[in-house]
Amino acid sequence: MFKNEPKEIPVYVFMGFLGSGKTTFAIDTLVNQGFTEGAKTLLLACEDGEIEYDEKALKEKNIYLEFIDDSNLTEEHLLELGKKYNPENVMIEYNGMWELDRIFQIRVPRGWTVVQVISFVDATTFDVYVNNMKKIMMDQLRNADMIIFNRCDENTRTSEYRRSLRAVNRRGQVIFEDKDGKPIRTDDEIILPYDIEKDVIELEEEDFGIFYIDAADDPDKYLGKKIHFKAQAHRPSNYKNDEFVPGRFAMTCCADDIAFIGFKTYYKGAVHLKDRDWVIVDGVIKKEFYPEFQGEGPVIYADNVSKTGPAKEDLVYFNY
């Protein structure tokens with residue numbers, strides 16, 4: 001390591017609305033489980049939650065609590081706190097009502113590096129927040145490495161929530177917990193409406209949503225399979241001449257209602273396709289590393305792409 005290179009200080013960000021379980025999780029992780037193992041830790045609380053921190057118990061674990069409000073969430077104040085404590089770890093319990101861009105755009109002390117973002121969701125109020133604070137909720141879910149649904153019961157639509165989240169965050173781990181904070185097992189097996197064992201997987205127009213979720217979750221299941229489906233073409237500006245995304249607009253439970261979903265596809269004639277062109281794709285499914293998702297995901301190598309008429313329905317869904 002070069003002399004002037006700052007030591008990396010891991011930063012963990014907890015997101016969620018008031019009452020979503022952030023403070024309870026922080027107390028259990030930091031105090032009860034001893035996550036930091038005695039390393040000097042700065043805990044930044046950006047709101048007064050329903051559960052209060054025991055500062056004496058925190059200091060016994062070498063954890064120092066500072067409250068951040070709307071007026072002092074600034075570069076200057078964070079730099080001051082960095083110099084004051086010189087922490088080895090930083091935990092930020094972020095205010096769920098604040099725009100997420102604020103915390104990610106602020107200049108922080110040298111070496112502070114966000115290593116994990118966890119979003120907490122109260123399952124009993126999830127639908128209400130989605131309907132009334134869609135953008136803020138989506139920012140929290142889209143940027144999370146882990147999403148924890150707590151206070152779940154037998155009426156919680158776990159399968160629906162998990163499938164819909166895959167449309168907006170393919171890399172995040174989704175965990176469901178009961179009212180006591182214990183993980184619950186969910187039966188999320190999808191009954192496929194198409195035959196994956198046939199020589200060619202034939203997708204009906206309405207099957208694309210289910211295919212997308214299942215292939216994203218388990219790409220190895222589809223490796224080497226031939227596929228035939230109808231979709232709309234999209235060519236991102238940074239794609240090469242032989243790359244495009246055939247996909248569909250999908251209705252989700254937690255996006256801005258509609259999201260475009262699809263997998264990267266290689267085809268020598270892709271440069272001639274226009275956005276929103278309806279096409280029939282015949283190809284083979286493989287997989288490759290996706291930097292933005294920090295892992296491997298499905299891609300399609302198309303043998304043939306032909307233009308066609310539009311689907312009967314503009315949108316697809318994640319149910320069947």
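This is a conversation between a student and a tutor about how terms are applied to a predicted model.

Student: What should I keep in mind before we start?
Tutor: Residues are numbered from 1 along each chain as its sequence is written, and side-chain values use heavy atoms, with hydrogens and water left out. Since this is a predicted model, local features need pLDDT of at least 70 and side-chain atom pairs count only at pLDDT 80 or more, while totals for chains, interfaces and linings use all residues.

Student: Let's begin with Lys264. Where is Lys264 found?
Tutor: Lys264 sits in the loop between strand S11 (258-262) and strand S12 (265-266). Strands are DSSP runs of E with at least two residues, helices are runs of H or I with at least four, and both are numbered from the N terminus.

Student: Why does Lys264 count as buried?
Tutor: Buried means under 20% relative accessible area, exposed means over 50%, and partly exposed is in between, using a 1.4 Å probe and protein chains only. Lys264 has 16% relative accessibility, so Lys264 counts as buried.

Student: What makes the link between Lys264 and Tyr266 a polar contact?
Tutor: A polar contact is a pair of N or O atoms within 3.5 Å; within protein, one must be able to donate a hydrogen and the other to accept it, and residues adjacent in sequence count only if both atoms are side-chain atoms. The side chains of Lys264 and Tyr266 make such a contact at 3.4 Å.

Student: Which residues further along the sequence is Lys264 in contact with?
Tutor: Contact means heavy atoms within 4.5 Å. Leaving aside neighbours within four places in sequence, the contacts of Lys264 include Tyr239, Glu243, Phe244 and Ile300.

Student: How do you know that Lys264 lies over the face of Tyr239?
Tutor: For a charge to sit over a ring, NZ of Lys or CZ of Arg must be within 6 Å of the ring centre and within 35 degrees of the ring normal. Lys264 lies over the face of Tyr239 at 5.3 Å from the ring centre. Arg102 lies over the face of Trp98 too, at 5.0 Å from the ring centre.

Student: What makes Tyr212 and Phe263 a stacked pair?
Tutor: Rings of Phe, Tyr and Trp (its six-membered ring) pair if their centres lie within 6.5 Å; planes under 30 degrees apart count as stacked, over 60 as edge-to-face and the rest as tilted. The structure holds 19 aromatic pairs. In the pair of Tyr212 and Phe263, the centres are 4.9 Å apart and the planes meet at 20°, and the pair is stacked. Tyr212 lies in helix H8 (residues 208-217) and Phe263 in the loop between S11 and S12, so the pair ties together parts that are 51 residues apart in sequence. Both residues are buried, and they belong to one aromatic cluster, with Tyr194 and Tyr222 among the other members.

Student: Why is Asp214 called buried?
Tutor: Asp214, which lies in helix H8, has 8% relative accessibility and therefore counts as buried. The side chain of Asp214 also has a polar contact of 2.7 Å with the side chain of Tyr222. As for helix H8, nine of its 10 residues are buried.

Student: What about Gly224: why is Gly224 partly exposed?
Tutor: At 47% relative accessibility, Gly224 counts as partly exposed. Gly224 lies in the loop between H8 and strand S9 (226-234). Not counting residues up to four places away in sequence, Gly224 touches Val284 and Ile285.

Student: How do you know that S1 and S5 pair?
Tutor: Two strands pair if DSSP finds at least two bridges between them. Seven bridges join strand S1 (residues 9-15) to strand S5 (residues 112-122), and the two run parallel. Within this pairing, Val11 stands opposite Val114 and Tyr12 opposite Gln116. Four bridges join S1 to strand S4 (residues 89-93), also parallel.

Student: What order do the strands of the open sheet follow?
Tutor: The seven strands run S3-S2-S4-S1-S5-S6-S7, with parallel pairing. Strand S3 (63-67) and strand S7 (173-178) each have a single partner strand, so one side of each is left without a neighbour in the sheet.

Student: And why is S1 described as largely enclosed?
Tutor: Seven of the seven residues of S1 are buried, so S1 is largely enclosed by the rest of the structure. Ile9, Val11, Val13 and Met15 cover one side, and Pro10, Tyr12 and Phe14 are on the other.
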